[in-house]
Amino acid sequence: MENSISQGDQLQNRSGIKDLYDGWFLDYASYVILDRAVPAGDDGLKPVQRRILHAMKEMDDGRYNKVANIIGQTMQYHPHGDASIGDALVNLGQKDLLIDTQGNWGDVRTGDEAAASRYIEARLSRFALEVAFNPKTTIWQLSYDGRKNEPLTLPMKFPLLLAQGADGIAVGLATKILPHNFCELIEASIKYLRNKKFELYPDFATGGMIDVSNYNDGKRGGKVRVRAHIEVKDKKILLIKDVPFGVTTLQLMDSIVKANDSGKIKIKKVVDNTAKEVEIEVQLPAGVSPDVTVDALYAFTDCEVSISPNACVIIKDKPHFISVHDLLKLSADNTKDLLRRELEIKLHELQEDWHYSSLEKIFIEKRIYRNIEEETTWEGVIAAIDKGLKPYKKLFRREITTEDITRLTEIKIKRISKYDSFRANEHIKGVEEDMEQVKYDLEHLVDYTVTYYENLLKKYGKDRERRTEIRNFETIQAQQVAIANTKLYMNAAEGFIGTGLKKDEFVGECSDLDDIIVFTREGKMKVVKVADKVFIGKNIIHAAVFKKGDERTTYNMIYVDGKTGISYAKRFNVTGVTRDKEYDLTKGSERSRVHYFTANPNGEAEVVAVTLSPTSRAKIKNFDFYFETLAIKGRGSGGNQVTHYPVKQIKLKEQGVTTLSAIKIWYDDTTGRLNTDERGTFIGSFENDDRIIAFYNNGSYEMTHYELSNRYDIDNLALIEKFDPAKVITAVYYDADKEQYNVKRFHIETQTLNQPFLFIKEGSRNRLELATTDPHPRAVMITGKKKSDAKKQEVDLASIVEVAGWKAVGNKLTSENLMSLEVIPSEGSAPSDDDAATSAGPKPGELF
């Protein structure tokens, strides 16, 4: 048929379509990367942001403009509709840096949207006008329709990209740059120009806390953890005081409710009290630990989020993945170059001003204008003026051109008649001084740039202090803080364990995140995940929640080897295993069997009565075995021989006592947590009913158990140590009513745990200055209002006041201004392993 298409034509069409696809896709990808999603390295702006700012500059008259009008003006440059422009404009306005806003612009903390564009207004901020615009140094290009000029990039003299942050998804790549602190960026820029080292870490307008230990300088592969501040108001109420970056209060509350519904945390109610400041109230049911709940909120809700930065910017029309240090250096170098160009332009303008002012002065004072009275042609006029200027040409710094002479002919008679030589000389002198200053600035360009940054900091740095606190976060094990939200059962005979076996033997409560460790009569051990029903093996003898890394739980076991008939005893820990793998705790022989088994949370070693078979040849068929004679080894050890005779039964004879040493505990003042990993300051060795006592700057103390889940307020903590009821507390505090410093000495008389007791005089302005348990408290005191009149003296605090009750007011120490108070450690008062203290307040010589 004539209309039929040959196979060759089909192949040719396919090839053409493939070529079009390859070309068009590459063009599309390049367009999205360069013109939509990724910011430019020079000014830190995406095209839509740059066009918005340019449009606002064109409209700028100092007054606010309706956002709807700004959107319309921007559409002359941005061919993508009003919605994308409006969203980008609101985003810029919420960053509170380049745009002054008026009206309801929404709230990034709560997720509330801005009002419609016809109701809200905006204008460029003074800061934006100073750092982002200069038509003389701007490179221009035609707009998309060729009707207007728009900037290729704005002459940005500030690290805007690092200050605002940016994120975008393009074709094949993405960018995520976190915002940084305004003042710290300027200070870092100055340090870079001075060839000094600097550090840069994110800072969020939403506040919170950040762990930057894995920030990786903002490059790919890095990660930061961001947390909300959570305060323990009392035993039943927690207060969330801010939200992590990128999380709204609504999202945060939803995540808390979701965690509660899934049984990971246990709460009574969540109330949003957010107004000017964020406050989410979390109400706890009776019996729920607030400290554990705080950890659970960080582990299971959006109170903690992880953010992975990925700094990608456009440099010379290509995307580059670089660090925030390199971004700041790029900005500082660009700022220095822009300032150099501005100075060069200014110098040229001053030179032209000097040239014409001098030319005008000679033209008028030497009455050269009279030489043109007889001339009848334009060429004659030019020639006559040029001839009159000839004797003075050597005084000028450049050649006198026809354009210069033409400009002289445009001087009006009125100006000539009122010409003031003195004023002209003063003007020329001023221009010469300005030229010298500009030349000096060009020669000292680094100093000039530093001064520029310092002026920015002085003018715009107020109220831009860091809002996000930099801290090291402890790692929270989810299994340790998840509440026991389900019940575990087992069918020991059949060998099943799980949460669905509700008709069988109850084992205990657990959470959905827990692992379960199980032992069988055959001497096998396995760790499995909590599930509805799991087969382990017949004849289960013990099952419990498994705690990874637990070095205190000790298993005591006596088993018979199936091959030799010899009975062995062993003590072992299980600190780490492979889940679902079966481990043999015997020597591996068939028919091996466990005679006796116990799990001891604190390494207890009991005494058991061993009864041998009546048919055995042993002379002594009943004897006691002491587990304390065995060393604690690994689970793979074979154990020590108990007897080679057949065993009839083994029974517990005497409960054991712990054979483990006391737990050594350290306090980490970067996280406010206790630990056994030797991080921070050693507090002491703890066992049984030992307690910790903490003193706070508000004049209160609190006794707690030594649980590792405890939290201490590092910003308010003055002293923390192992509690010893025999020790005398010496405290110095400020009495605001009498405007004096008092000293008191007392014993701790209260025994209630987890309840603060105020031990200084009540008053909102009263504060603790010093707390110590040194048996012979002496201190170096420095008083005075300034260093020049400071007085230094050594005081014996024990001689000022006797030991009294903990509610006593104490005696006056001084009414002078206290600049410094430092304890002098007495001989022999250094803390031992069992008696250690750490001062968590200021460094020696500083006040709390």
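This is a short walk through two enclosed cavities and two sets of paired strands in a predicted model.

**Stop 1: the β18 hairpin**

Start by selecting residues 486-491, which make up strand β18. Now add residues 496-498, strand β19: the two strands run antiparallel and are joined by 3 bridges. To find one of the pairings, pick M490, whose bridge partner in β19 is I497. The link between the strands is worth a click too, as β18 and β19 form a hairpin with 4 residues between them. Within that turn, G495 has a positive phi of about 90 degrees.

Keep β18 on screen and bring in residues 505-510, strand β20. This pairing is also antiparallel, and it spans 5 bridges. Show T486 and C510 together, since C510 in β20 is the bridge partner of T486.

**Stop 2: a cavity lined in part by β19**

The structure holds 2 cavities of 30 Å³ or more. For the second largest, select L488, I497, G498, I516, V528, K529, V530, A531 and V534, which line it. You have met I497 already, as the partner of M490. The space inside comes to about 40 Å³. Which strands each supply at least two residues of this lining? They are β19 and β22, the latter at residues 524-529. Colour the lining by class and you will find 7 nonpolar residues, 1 polar and 1 charged.

**Stop 3: the largest cavity**

Next, move to the largest cavity, with about 80 Å³ of space. Its lining takes in G41, D42, D43 and G44, along with M156, F158, P159, L160, L161, L162, L327 and S331. Two helices, α6 (160-164) and α10 (324-365), are the elements that give two or more residues to this lining. Of these, α6 gives the most, with 3 residues. The same colouring by class shows 7 nonpolar, 3 polar and 2 charged residues here.

**Stop 4: a three-stranded sheet**

For the last stop, show β30, β29 and β33. In that order, these 3 strands form an open sheet with antiparallel pairing. What lies at the edges? Select residues 622-626 for β30 and 647-658 for β33: these are the edge strands, and each pairs on one side only. Looking across the sheet, neighbouring strands are turned by 20 degrees against each other on average, direction ignored.

Finish with residues 604-612, strand β29, which pairs with β30 over 5 bridges. Display A609 and you will see D624 of β30 standing opposite.

Note on methods
Residues are numbered from 1 along each chain as its sequence is written. This is a predicted model: local features need pLDDT of at least 70, side-chain atom pairs count only at pLDDT 80 or more; totals for chains, interfaces and linings use all residues. Side-chain values use heavy atoms; hydrogens and water are left out. Two strands pair if DSSP finds at least two bridges between them. On a 1 Å grid over the protein atoms alone, a cavity is a set of points where a 1.4 Å probe fits but cannot get out, and a pocket is an open set with protein on both sides within 12 Å along at least five of seven lines; lining residues have an atom within 4 Å of a point. Grid points are joined across faces, edges and corners, and a volume is the space filled by probe spheres set on the points. Ala, Val, Leu, Ile, Met, Phe, Trp, Tyr, Cys and Pro count as nonpolar, Asp, Glu, Lys and Arg as charged, and the others, Gly among them, as polar. Axes are lines fitted to C-alpha atoms, for helices over the stretch in contact, and angles run from 0 to 180 degrees between N-to-C directions.
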